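Me: I have a structure to go through with you. Shall we take it by question and answer?

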Amino acid sequence: MDKFTNSAWFMRIVAFALAALLFISINFEMESDKKSLGLSTAPEISTETIENVPVEVYYDRENLVVSGVPETVDVTLKGAKSLLINAKNQRDFKVYVDLSDPAISMGDRTVTFKISELNEKLVATIDPEYAEVNVQERVTKEFSVEAEYNSSLLEEGYTAGQPTVSPKTVKITGAKDAIEQISYVKANLEISKGLNETVNSKATVKALDRDLNKLDVTIEPSSVAVSLKVSIPSKTVSIAPKQTGKAKDGIRITSISVDPKEVTLFGSETSLEKIDEINLPVNISKIDGDTELELDLNKPDSVQKMSLGKAQVKIRTEKVDVDEENAEPVVEEEEPETEQKQEEQVVEEKPEPEEEDEAAAIESKTFNDIQIVSVGIRDDQDAELESDVTSITLLGEADDLKKITKDDINLTVDVSNLDEGTHDVDLAVTVPEGVEWELDSKTVSVTITQKDEET
């Protein structure tokens, strides 16, 4: 026994056993300490899907255009739960497509999504894994812009001119194939109700192919100013007083005059062609003597509107003997009147025309199509009048009115202090001294626009 215990092998076995016990004891204590601290040697593995992760595309943006890359992808991460939670909350990783190689060729290609700045202990899967993209040469070209609007929204009788655009051209940038497909560059004027006045508005520019499909390009500027002049045809006709009813006994109507003598009608050209005058019924059954009335003008159904709604009517009368008025003429055979009796009769009748001339001392005279001139326009602006002619009625003595011509009448409108847009501006009237004037409208609509900058 002593011999065995003293042998070298015995000592080796005992030393190995002690070492093994010591190793087990130390590991047991370490595991106990880890458990007491909440640590685990085998971390919990799980997965987490992060949706709508933005995709970055690296390429030569000055010379190339890349299409077909989705804006976002879904990324599934696998790894320790604590790392997953941090990655999901922070989103400090990037998904990208690398097309930055200078030697890259044009056309269609399949590219793989890549991920960067992700914790190396996490494993990522990207859905979709690939993308079919198109690489094209970047091209910039200038195009003319055509404005359009829904003409069916024009109210009855109104007409519209050709819409104007400012600026008239835009620069469009995109893939060479897309630029070559451009057939129309449109600025659509949005109108939501009946159109009966001039419109000045902004409109978004769109590039369309031959089938009117919108193309994926960049337009500079993206919107333009559009002006659409809307007007209604007009025609100036005379006002014709028409006597109605029967005069009272002892009253004879010698004249009926109307002021103004003309009215401007607005409506469709077809409707206006059929109208030459506006009848104004004047009932004389209640007239006792010289009278002035203000009567309503009846608007024809086919007319949209009139420049006047009322007119002044002057009625001149004379009193007569009732028996004389109702007496039937009697034919008698008489001796021919002598020259002396005829002269006496003429002398007796002379005062009557003098009385008529005295009543007609103040008369009126209407001038049509008088030019309206805009003054004070700035060098960087254009001024457009809704109507550059009008009618004016002058009131005065007959002799004075006979001497006046159109050249003696000046109508101007001051636009020096007007900003861009449409304004109603007072007319300035210059006529010879001694006469008064009347206008159908004392204002005129003026549209101010900025002139196009020279390039």
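Me: Start with T218. Which strand holds T218?
Reply: The model is predicted. T218 has a place in a strand that covers residues 218-220. That element is strand 15.

Me: Is T218 buried or exposed?
Reply: The relative accessibility of T218 is 51%. The cut-off for exposed is over 50%. T218 therefore counts as exposed.

Me: Which residues does T218 contact, leaving aside neighbours within four places in sequence?
Reply: One partner is I172, 46 residues apart from T218 along the chain. The C-alpha atoms of T218 and I172 are separated by 5.6 Å. The contacts of T218 are K171, I172 and T173.

Me: Where does L189 lie, and is L189 buried or exposed?
Reply: L189 lies in the loop between strand 13 (184-188) and strand 14 (199-208). The relative accessible area of L189 is 3%. Buried means under 20%. So L189 is buried.

Me: What separates the C-alpha atoms of L189 and V226?
Reply: L189 touches V226, and also E148, Y149, V199, S201, A203 and L228, not counting residues up to four places away in sequence. L189 and V226 are 37 residues apart along the chain. Their C-alpha atoms are separated by 7.2 Å.

Me: Now strand pairing. Which residue stands opposite Y96 in strand 6?
Reply: Strand 4 (residues 94-98) is joined to strand 1 (residues 45-58) by four bridges, and these two run parallel. There, Y96 is the bridge partner of E56. Strand 4 is also joined to strand 6 (residues 114-116), by three bridges and antiparallel. In strand 6, the residue opposite Y96 is K114.

Me: In what order do the four strands of the open sheet stand?
Reply: The pairing in this sheet is mixed. Strand 18 and strand 21 pair in the parallel sense over seven bridges. In that pair, I239 stands opposite I278. The order is 21-18-20-23.

Me: Why is one side of strand 21 and of strand 23 left without a neighbour in that sheet?
Reply: Strand 21 (277-283) and strand 23 each have a single partner strand, so one side of each has no neighbour in the sheet. Both stand at the edges.

Me: Which side chains of strand 28 are buried?
Reply: Strand 28 covers residues 410-414, and its side chains alternate. N410, T412 and D414 point to one face and are not buried. The other face has the buried side chains, L411 and V413.

Me: Which residue stands opposite T412?
Reply: Strand 28 pairs with strand 30 (residues 428-430). The sense is antiparallel, over three bridges. In strand 30, T412 faces A428.

Me: Which side chain makes a polar contact with the side chain of S364?
Reply: S364 is found in strand 25. Not counting residues up to four places away in sequence, S364 touches D259, K261, T393, L394, L395 and L401. One of these makes the polar contact, at 2.7 Å. The partner is K261.

Me: Which backbone oxygen does the side chain of T291 reach?
Reply: T291 is in strand 22 (residues 291-296). Not counting residues up to four places away in sequence, T291 touches V313, K314, I315 and R316. Its side chain reaches a backbone oxygen at 2.7 Å. That oxygen belongs to G289.

Me: Next, the largest pocket. Which residues of the lining lie nearest its centre?
Reply: The volume of the largest pocket is about 950 Å³. Its lining has 32 residues. Strands that each supply at least two of them include strand 18 (234-244), strand 20 (262-266) and strand 27 (389-397). Nearest the centre lie S234, F266, E386, S387 and V389.

Me: How many residues of that lining are polar?
Reply: Nine lining residues are nonpolar. Eight are charged. The polar residues number 15.

Me: Last, the whole protein. What percentage of contacts between residues at least 6 apart in sequence join residues at least 24 apart?
Reply: The protein has nine helices and 32 strands. Of its 455 residues, 30% are buried. For the contacts at least 6 apart in sequence, the share that joins residues at least 24 apart is 71%.

Conventions: Residues numbered from 1 in each chain as written. Predicted model: local features only at pLDDT ≥ 70, side-chain atom pairs only at ≥ 80, totals over all residues. Heavy atoms only, no water. Buried < 20%, exposed > 50% of the residue type's maximum accessible area, 1.4 Å probe, protein only. Contact = heavy atoms within 4.5 Å. Pairing = 2+ DSSP bridges. 1 Å grid on protein atoms, 1.4 Å probe; cavity = no way out; pocket = protein on both sides within 12 Å on 5 of 7 lines; lining within 4 Å. Points joined across faces, edges and corners; volume = space filled by probe spheres on them. Nonpolar A, V, L, I, M, F, W, Y, C, P; charged D, E, K, R; others polar. Polar contact = N/O pair within 3.5 Å; in protein donor to acceptor, adjacent residues only side chain to side chain.
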